[in-house]
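User: I would like to go through this structure and ask what stands behind each label used for it. Please give the value, the cut-off and the conclusion.

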Amino acid sequence: MADTSSNPPLELVVKPHSKVILPCELEGNYSRLLLPGARSYRIRPATWLHEGSPVDMITIDTRTEMSGTGHRYIGDSTTAALHIDNVRLEDDGVWGCTLEDDRGKILFGKPVKLVVLGSPYFIRQIDRDVKAVHP
């Protein structure tokens, strides 16, 4: 995923099973594509990538259609943001959006680093001489 910005990615820290909204922020004049009056990206919805791979998502108007979709990844047709429902540890990583402008140029949004806090765990050392006991 290409990042045209020299700024570090936006970092969001969340707990597992929470909901989070990842913004799709475009640089410079391209931010106009995300204004309420712009319609070109609604014809070609934003694509979201997680660690460079496309995300299986649906795109809807989250102002009116959010409840009962049954999908964890929901693209907002108004803002191009990605809503993640029931965040999991595997959602941790760098996310990014792409949009296509009216001329077919692919635009890359500012990356978002999602940090999913995991439960603490302990590693127990096992004695090598212990044999497995089968019931």
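Analyst: The model is a predicted one. It holds one disulfide, formed by Cys24 and Cys97.

User: What makes Cys24 and Cys97 a disulfide?

Analyst: Their sulfur atoms are 1.9 Å apart. A disulfide requires cysteine sulfur atoms within 2.5 Å, so the pair qualifies. The link is right-handed, with 85° about the S-S bond. It connects distant parts of the chain, 73 residues apart: Cys24 sits in the loop between β2 (20-22) and α1 (40-43), and Cys97 in strand β8. Both cysteines are buried.

User: Which residues form an aromatic pair, and why is the pair called tilted?

Analyst: The whole structure yields one aromatic pair. Tyr73 and Trp95 form it, at 5.7 Å centre to centre and with 50° between the planes. Ring centres must lie within 6.5 Å, so this is a pair; an angle under 30 degrees would be stacked and one over 60 edge-to-face, and 50° is neither, therefore the pair is tilted. The two rings come from distant parts of the chain, 22 residues apart, with Tyr73 in strand β6 and Trp95 in strand β8.

User: Why do Tyr73 and Trp95 count as buried?

Analyst: The cut-off for buried is under 20% relative accessible area. Tyr73 has 17% relative accessibility and so counts as buried. Trp95 counts as buried because its value is 1%.

User: How do you know that both faces of strand β6 are covered?

Analyst: Strand β6 spans residues 73-76. Tyr73 and Gly75 on one side are buried, and Ile74 and Asp76 on the other side are buried too.

User: What makes β5 and β7 partners of β6?

Analyst: Two strands pair if there are at least two bridges between them. Strand β5 (residues 58-60) is joined to β6 by three bridges, so the two are paired, and they run parallel. Here Ile60 stands opposite Asp76. Strand β7 (residues 82-84) is also joined to β6 by three bridges, so that pair qualifies as well, and it runs antiparallel. In this pairing, Tyr73 has Ile84 as its bridge partner. β6 and β7 form a hairpin with five residues between them.

User: What is notable about the phi of Ala80, and why is Ala80 called buried?

Analyst: Ala80 lies in the loop between β6 and β7. Its phi is positive, about 70°, although Ala80 is not a glycine. Most residues other than glycine have a negative phi. Ala80 has 2% relative accessibility, which is under 20%, so it counts as buried.

User: Why is Thr78 buried, and where does it lie?

Analyst: Thr78 has a relative accessible area of 14%, so it falls under the 20% limit and is buried. Its place is in the loop between β6 and β7. The C-alpha atom of Thr78 is 6.1 Å from that of Asp61, 17 residues apart along the chain.

User: Why is Asn86 called partly exposed?

Analyst: Asn86 has a relative accessible area of 28%. Buried would need under 20% and exposed over 50%, so Asn86 falls in between and is partly exposed. Asn86 lies in the loop between β7 and β8, and its phi is positive, near 60°.

User: Is Asp91 buried or exposed, and what do its side-chain atoms meet?

Analyst: Asp91 counts as buried because its relative accessibility is 1%. Asp91 lies in the loop between β7 and β8 (93-100). The limit for a polar contact is 3.5 Å. The side chain of Asp91 makes one of 3.1 Å with that of Arg72 and one of 2.4 Å with that of Tyr73. Beyond its neighbours within four places in sequence, Asp91 is in contact with residues including His50, Ile84, Asn86, Leu114 and Val116.

User: How many helices and strands are there, and how much of the chain is buried?

Analyst: The chain has two helices and ten strands, in the order β-β-α-β-β-β-α-β-β-β-β-β. Of its 135 residues, 35% count as buried. The accessible surface comes to about 9,200 Å², and 53% of that belongs to carbon and sulfur atoms. Among contacts with a separation of 6 or more, 58% are between residues 24 or more positions apart.

Conventions: Residues are numbered from 1 along each chain as its sequence is written. This is a predicted model: local features need pLDDT of at least 70, side-chain atom pairs count only at pLDDT 80 or more; totals for chains, interfaces and linings use all residues. Side-chain values use heavy atoms; hydrogens and water are left out. Buried means under 20% relative accessible area, exposed over 50%, partly exposed in between (1.4 Å probe, protein chains only). Helices (H or I, at least four residues) and strands (E, at least two) are DSSP runs, numbered from the N terminus. A polar contact is a pair of N or O atoms within 3.5 Å; within protein, one must be able to donate a hydrogen and the other to accept it, and residues adjacent in sequence count only if both atoms are side-chain atoms. Contact means heavy atoms within 4.5 Å. Rings of Phe, Tyr and Trp (its six-membered ring) pair if their centres lie within 6.5 Å; planes under 30 degrees apart count as stacked, over 60 as edge-to-face and the rest as tilted. Accessible areas come from the Shrake-Rupley method with a 1.4 Å probe; for residues, only the protein chains shown count as cover.
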